[in-house]
Structures are given as C-alpha cells and as structure tokens.
Amino acid sequence: PGGRGLSGERALSSSVPRSRSIPSFASSSSSSARVSPQDMLLLLLATSGLLLPGIGEKVVTHATSAADVRSWVEEHCSAPGVVGFDTETRPSHRKGRSNPPAVIQLSTMHACLVAQVYVAPRHRLGRRGAWVESAREAREGADGVRHALTATLEDRSILKAGVGVDNDAIDLWQFWGLEVNGRVELAGVAERSRSLARLLATTTGVELSKPKALQASDWAAPLGERQVAYAAADAWAGRAIYERLSSLDASSFGLDAVAALLDAGEQSCCELYAMRRARQAARAALADVAAQLGEEGLPHRLGSGEESHASAKRVITALSGHARTVARSLADSKDTRLPVDSVLDAAPEIDEVSTLGREDRSGVVQRK
C-alpha cells in the first residue's frame, strides 16, 4: 500500500517482485467473451493493491474531502455516461437496527472513487481493540464529501450500474436524504438473481475475491488501504458488467436505451422506501398467521383421519401461495428491469476463469 498523493488521491503502490510476473490476460482462448486486457489489469490493481511501473498510479481515489470529490467528478464523470455504483455500511450486530451507509463508490472503466460519507463518533482500533474518539476533521470531511456527491447522484443522465442498487439508494435516502437517480440493476429477475461476484465471473471471466473479514469490517471508521481497494473493486465490477452486457446487446443495454427505460418508469427513492415498508409489514403479518397455525399444531393436530390431515396441509400450502402473491403484488409497478438473464443465456460461454484478489503469503496475487 502506498501513501497519499495530490488532491487526496492514493496510489496503491506496492512493488512487484522481480521474480514474479503478471501473466498476460490477452492469452486466453476465449478473449471475445472478456473485457479488454487493460481493463482487467485495472481490476487486478484495484483488488490487490499491486502497481506495475508506470501503470495505474491514479486508478483509485480515496476521497476524504469535498475537493477530492469535485476533482474526480470533473475529470472522470461526464454526462451522459455510466458509472459503477455501490455502498458500504458498518455491520449491525443488533436485530432490527441498521447503520447509515458510510462509503459510496463510483467507477468508470479506468478510475474509481471511494468516498467516505460518514465517520462514526467512535470506532474500535482493530477487531478487538479499544474504542477511541474519531477525529473531528475526519467527521467534518465526510459531511463535505456527502454534500459534494449530491448533484452527481441526482443526475439522471449519469447512470449508476450495480447489484442491489435500489436497496443502496433506499438507505442513502433514509439516512442522508440523498436521491439516487439513473439506477441500473444488473442482478436480473428475482428468481435468478446473481451476486456481484457471480455476475462478474459469468460476464467477464473474472472471479472477484471478497474476503469476509473485509466485508464485515468497520466502514464507519477511517478507512484502511485494503478497505479502499475492496470498495473500489466492487464499483469497478458493476461498470465492467454493464460494459460487457452492452457489448452483447446494445439495443437493450445501450446508454440511450437504458436512459429511455428509466425515464419512463424509474421510481423515486421515497416510493422505493414505501414499497420496502409495505413488504416488511406484509411479511410480518403472514409470519403472525403462520405462528398462530403452528400453535394450533397444524397440520398435525387437525383430526386423525387422512382427510383432515390433507385439509390442514392445503391450508399451509394456501398460506404459502398467498405469501408469494403478496410479494408479487408489492413488486415495482413500473418495471425497469433489464433483460440480463436472456442476454447471458445467449452469450458464448467463458472457458477460463481468472481468480483475482487472492494473495499468497508473499502478497503476490495468484491467478488460475
């Protein structure tokens, strides 16, 4: 990991040992199904922190002030356009309690912004260390970062592509009052929903390593280099997936086509939040009914005959059916889902998978 450079940018600068070499991504027999070698190299840099001489010195910008955000947006985030989008949140260990999003990530194919929008008043030193007060400068800087991102997040001409973008947008609206427009969900329909890592492997042949220790780390504390690299890779992955899908089906995933679809039917974050609350209330009500039936011993105590037993099982089956019906009725009335599944079904298979981001004991990334 490297130090801080100009304008708050961090160069993820670790020297590559001379005894090791980074294999060429262009040697794959299935190159037609992959993103460009340069873009895959940038992902390698983002996920591992490795830096080849003269390459990628400003790939990732860790923004801790409003000036950092404005500089990055001015240089890399022109409208109309598409950026990868993701957020990170401090884990909550109390049932029913959620924490505010602490990090917002945006990424083009060649540059990533990791913006810390919230620093908690107190944070723990290490996993089991003492609790300490967060610096006032860090907290005020995060507030400035959040305000500096407002216009970019609201801009409908800058599409934000990722997995679970609606849920991220709801949290940003609920806690910070930020409206995220131009949301492009890449996961596919609910029945075949894919995780970010799985979708990246399917579309580009890149297997993204997601260590659980980093996933569950404290994102509301001042970020470390590994956290910055992890967060940047997630946002880059969303942009890379969109790039691949648009190359497979420009009529559905092209910039103009997606923008037109969203203009016609995208819901506001307030509407998304209302739908979330309605789904939560419906699930709670159905759970209460199921619990009452269970207290009565259904389907086992409704008489001893086969007919009574079959009747009780029909009650349970009907209840499950009603639950699915409620879930469908509470789905978005304005469907802005993209045909991710059909496009991937018709795409050529990728024969080779590159494993990026996994380190051996010497710290050099291994690739299968």
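## Helix H4 and its length

The expected span of a helix is 1.5 Å times one less than its number of residues. Helices (H or I, at least four residues) and strands (E, at least two) are DSSP runs, numbered from the N terminus. So let's try helix H4, residues 165-176: its twelve residues, at 1.5 Å a residue, should span 16 Å, and the C-alpha atoms at its ends are 16 Å apart, which agrees.

Some of H4 is tucked away: Val165, Asp168, Ala169, Ile170 and Leu172 are buried, where buried means under 20% relative accessible area, exposed over 50% and partly exposed in between (1.4 Å probe, protein chains only). Right after H4 comes Gly177, with a positive phi near 70 degrees.

## What kind of model this is

This is a predicted model, in which local features need pLDDT of at least 70, side-chain atom pairs count only at pLDDT 80 or more, and totals for chains, interfaces and linings use all residues. Residues are numbered from 1 along each chain as its sequence is written, and side-chain values use heavy atoms, with hydrogens and water left out.

How sure is the predictor? Its confidence in each residue is the pLDDT, from 0 to 100. The chain averages 76, and 67% of the residues score at least 70. Over residues 1-33 the pLDDT is below 50, and beyond near neighbours in sequence this stretch has 70 contacts in the model, a contact being heavy atoms within 4.5 Å. Residues 356-368 also stay under 50, with 44 contacts beyond four places in sequence.

## The chain as a whole

The chain holds twelve helices and ten strands. Of its 368 residues, 46% count as buried. Take the contacts between residues at least 6 apart in sequence: 69% of them join residues at least 24 apart.

## The open sheet

In what order do the six strands of the open sheet stand? They run E1-E4-E3-E2-E7-E8, with mixed pairing; two strands count as paired if DSSP finds at least two bridges between them. Strand E1 (60-63) and strand E8 (183-185) stand at the edges, each with a single partner strand, so one side of each has no neighbour in the sheet. On average, neighbouring strands here are turned by 25 degrees against each other, direction ignored.

Let's walk along the sheet. E1 and E4 pair in the parallel sense over four bridges, and Val60 has Cys112 in E4 as its bridge partner. Strands E3 (residues 101-107) and E4 (residues 112-116) run antiparallel, joined by five bridges; here Val103 stands opposite Gln116. E2 and E7 are parallel, with four bridges, and E7 pairs with E8 in the parallel sense over three.

## Covered strands and packed helices

Which way do the residues of E7 point? Ile158, Lys160 and Gly162 point one way, Leu159 and Ala161 the other, and all are buried. E1 has a similar story: Val60 and His62 point one way, Thr61 and Ala63 the other, and all are buried.

Helix H2 packs on the sheet, touching E1, E3 and E4, and its direction makes about 145 degrees with that of E1. Helix H9 (residues 255-265) lies across E2, E7 and E8, running at about 90 degrees to E7. For these angles, axes are lines fitted to C-alpha atoms, for helices over the stretch in contact, and angles run from 0 to 180 degrees between N-to-C directions.

## A cis proline

Pro80 sits in the loop between helix H2 (66-76) and strand E2 (81-89). The peptide bond from Ala79 to Pro80 is cis, with omega near -5 degrees.

Technical notes
pLDDT = per-residue confidence, 0-100.
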